[in-house]
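This report looks at how the chains of one model meet and at one of its pockets.

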Amino acid sequence: MVETQFRFRTDEPVADPAVTAESFGEQTNAAAVRLESGDDARVLLPFLDRVRLVEVNFPSFGDGRGYSAARILREAGYAGELRAVGAVFVDQLGHLRRCGFDSFAPEHALDAIDAENAFNRWPDVYQATTDGRQPIWAKRHGTAESA
Amino acid sequence: MKILTGNDLKTGAVIWWDGSGWSLHVDDAVDASEHADEILAREEAARNVNSSYVVDAEQTDAKDGGGIRPGHIKERIRALGPTVRPDLTLKPADPSALNWVI
Amino acid sequence: MYKYDSYDQEMVDTRVEEFRDQTRRRIDGTLAEEQFRPLRLQNGLYLQLHAYMLRVAVPYGTLSSAQMRMLGDIADKYDRGYGHFTTRQNIQYNWIKLEDAPDILADLATVEMHAIQTSGNCIRNISSDQYAGAAADELIDPRPYAELLRQWSSFHPEFLHLPRKFKIAVIASKTDRAAMRLHDIGIEIVKNPNPENGAGEIGCAFYVGGGMGRTPMIAPLINPFVPLDQLITYAEACLRVYNRYGRRDNKYKARIKILVHELGKEEYTRQVDEEFAHLLTQGIEPPIAELERIIPFFADPPFEAGAADTVDLSDPDFALWVKNNTAAHKQPGYAIATISLKPVAGIPGDASGDQIRLMADLAKQYAFDELRVTHAQNIVLPHVRKADLYTLWQQLDAADLGTANLDTIGDIIACPGLDYCSLANARSIPVAQKIAARFAAQDRLDTIGELKLKISGCINACGHHHAGHIGILGVDRKGVENYQLSLGGSEGADTSLGQITGPGFSEDGVVDAVERATDVYLAKREDGERFLDTYRRIGMAPFKEAIYAPKLTNGEVANG
């Protein structure tokens with residue numbers, strides 16, 4: 001199993017093996033699930049209370065479907081660990097984080113300084129996501145922080 | 001013959017493998033049929049070339065200048081420069097350069 | 001026009017530092033080309049036929065004179081003295097060094113410019129009507145909505161790895177001057193079509209799934225009215241469906257037009273509506289106060305009331321330029337002036353550093369400091385006092401910028417083609433030059449009248465040849481350049497795709513074929529018909545017959 005190199009959570013990592021998205025429904029003891037890039041994250045919505053770890057696989061860094069999967073889960077209220085695995089490189093880290101990923105297990109270990117720079121690159125953001133950062137339009141008009 | 005080409009990483013200039021390094025001039029290109037992949041892998045790793053590949057070319061007769069002429073018009077335009085701006089090519093003063101491309 | 005606040009400035013400055021760091025890591029080897037490539041593309045930097053090519057964004061085609069001046073300075077300082085204005089209202093430089101690129105972006109940032117997302121599988125420059133804010137026929141200036149979309153799309157964390165590029169156009173006029181329906185998303189600002197629900201209210205009609213390239217398609221109407229305070233949410237829904245379900249198995253089937261076509265308009269719309277309903281609960285829409293903040297930046301400049309509405313046309317060359325290259329302005333006493341970048345022996349869309357700076361100065365002096373780049377590769381001065389037109393024209397003419405050929409067969413749109421582009425199959429610029437030379441006589445241009453001729457050097461169709469009244473496509477036939485001719489395309493409100501005439505031609509052959517086609521038009525046209533109208537009325541057959549007729553010894557067409 002590839003090591004989780006970066007993690008922004010304080011709870012204990014889930015050690016359970018991740019089952020497939022299609023089988024998660026019937027596997028009532030499972031707490032960890034793995035989404036492939038072609039999977040529909042919404043199949044997990046009926047079972048969110050049971051999920052404690054979602055791994056989203058990036059078969060290539062150019063396959064951007066995992067970003068939507070992550071946001072969909074967070075928008076549905078998922079508060080467990082959301083881990084980006086596979087072809088994850090330094091320059092995607094900040095955007096992955098904004099979409100809701102809070103842990104990262106890249107297939108090749110990344111330079112720690114480069115990664116830290118990437119996570120902290122943007123002092124402001126133009127869009128609202130579920131990461132709680134106040135977008136520029138909210139700062140301009142003093143509106144409430146996004147959910 | 002097979003010659004090797006690519007771009008200089010920092011400047012983007014079109015370059016040709018001359019046997020020991022990379023030249024701006026296609027006439028310096030050598031036949032690299034034997035070890036093309038090896039050379040390219042080594043040179044890319046050393047960052048001496050970027051986005052490199054193999055090109056078909058022929059050695060022209062002495063009466064035609066005796067230089068190296070890539071087989072495809074695209075590579076000839078890469079070798080010389082834009083046909084519509086002779087002043088920006090490698091041979092701005094040569095009136096026959098356009099014929100060489102086409 | 002829009003001015004950055006400290007947040008916008010901070011975003012472009014941060015982007016420069018990010019790219020500077022990425023470039024450093026590429027040059028020192030920490031970052032491989034495979035990982036660096038999408039990063040540099042999303043900063044507009046291609047590795048092209050001769051060198052790196054940098055595409056600078058001109059948001060919705062609008063520039064201040066200070067920005068234009070900087071573009072001229074960049075051409076001289078970092079390139080080889082010229083730039084190329086593109087069919088998406090941007091500018092590109094062909095001889096850039098990677099090691100200079102971060103400094104170029106830093107220079108651009110000092111005048112509120114950038115190269116953000118001008119390439120790559122992301123949302124690209126938002127284009128608009130080059131006459132926005134000046135034309136009498138627009139409902140409202142569309143550019144504030146384009147600016148809102150620009151900010152929404154910049155560094156959008158979910159949409160930086162789309163299946164393919166994504167192009168959006170925003171217009172607010174029934175006269176579509178931006179080829180809106182040939183975009184991935186085309187937005188027309190409209191009045192609420194439903195009279196019961198606030199007939200005066202304005203909102204956005206969304207057309208989704210248009211595009212050119214290998215399989216040109218005209219975007220169907222997906223939603224006739226999205227209220228302004230849901231614009232971003234609806235756009236986000238359209239993009240999310242595309243990001244999730246656009247094809248990723250085949251680069252040539254990866255645009256949203258293929259998804260909309262394969263799902264069918266109804267199913268795509270249903271999926272968007274579902275996602276839209278969900279996203280409405282997520283609070284991602286900027287408050288209407290944000291649009292209200294942006295709109296005043298696009299207010300009218302201080303027009304002089306009572307400016308003289310007549311022009312002295314006694315100079316015949318000037319009169320011709322006024323007739324061809326100026327358009328009616330909403331304000332009496334003013335005109336919209338188009339600067340042609342298509343002089344007969346020139347390269348379509350190219351301008352030297354000196355010419356660019358001259359245009360900047362003229363804009364500052366005569367056009368309230370504003371210029372536009374058109375997708376036909378020309379420059380517009382949107383607000384010129386009629387009283388100033390003559391002196392403006394004289395200065396343009398002295399700099400080879402005064403060609404009176406707008407929308408005529410001399411005003412050719414041509415991609416850079418094989419002279420500059422590694423994707424090309426054939427050269428396009430020499431074809432354009434030969435056609436322009438063949439039709440160079442001014443009376444010939446004017447006799448033929450409006451004729452939009454567009455040339456692409458390959459199937460990617462950056463020259464928009466599908467939308468040309470006459471279109472030319474360069475192909476590679478066993479290593480030899482060959483050209484296909486098409487007729488009857490149109491990019492306006494009456495969008496249509498050109499039909500191929502038949503077998504292809506050599507470079508000289510296609511110039512002859514174009515001439516034969518215009519001869520047929522001249523022989524068959526009825527009162528007031530443009531080339532396009534005659535073609536639509538009589539169809540392909542008479543043109544095909546003439547084009548492929550054997551050449552007679554004196555060059556006449558066999559069957560007139």
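How much area do chain C and chain B bury between them, and what share of it is on carbon and sulfur atoms? In this predicted model, the two chains bury about 2,300 Å² between them, with 58% of it on carbon and sulfur atoms. The contact draws 32 residues from chain C and 24 residues from chain B. On the chain C side, Leu49(C), His50(C) and Arg427(C) lose the most area to chain B, and together they account for 20% of what that side buries.

Between chain C and chain B, 13 residue pairs are in polar contact, both residues being at pLDDT 80 or more. The rule finds 0 salt bridges across this interface. Elements giving two or more residues to the side of chain C that touches chain B are helix H1 (6-27), strand S5 (91-96) and helix H13 (429-438) of chain C. H13(C) provides the largest share of that side, 3 residues.

As for the other pairings, 2 pairs of chains touch, and chains A and C have the most contacts among them. Chain A and chain B are joined by no contact; their closest C-alpha atoms lie 18 Å apart.

The second largest pocket holds about 680 Å³ of space. It is lined by 31 residues, of which Tyr131(C), Arg177(C), Asp407(C), Glu450(C) and Lys452(C) are the closest to its centre. Helix H10 (316-325) and strand S11 (326-328) of chain C are the elements that give two or more residues to this lining.

Residue classes for the two sets are as follows.

| Set | Nonpolar | Polar | Charged |
|---|---|---|---|
| Side of chain C that touches chain B | 16 residues | 6 residues | 10 residues |
| Lining of the second largest pocket | 7 residues | 13 residues | 11 residues |

Methods
Residues numbered from 1 in each chain as written. Chains lettered and ligands numbered in written order. Predicted model: local features only at pLDDT ≥ 70, side-chain atom pairs only at ≥ 80, totals over all residues. Heavy atoms only, no water. Contact = heavy atoms within 4.5 Å. 1 Å grid on protein atoms, 1.4 Å probe; cavity = no way out; pocket = protein on both sides within 12 Å on 5 of 7 lines; lining within 4 Å. Points joined across faces, edges and corners; volume = space filled by probe spheres on them. Helix = DSSP H or I, 4+ residues; strand = E, 2+ residues; numbered from the N terminus. Nonpolar A, V, L, I, M, F, W, Y, C, P; charged D, E, K, R; others polar. Buried area = accessible area lost by both parts, 1.4 Å probe. Salt bridge = Lys/Arg side-chain N within 4 Å of Asp/Glu carboxyl O. Polar contact = N/O pair within 3.5 Å; in protein donor to acceptor, adjacent residues only side chain to side chain.
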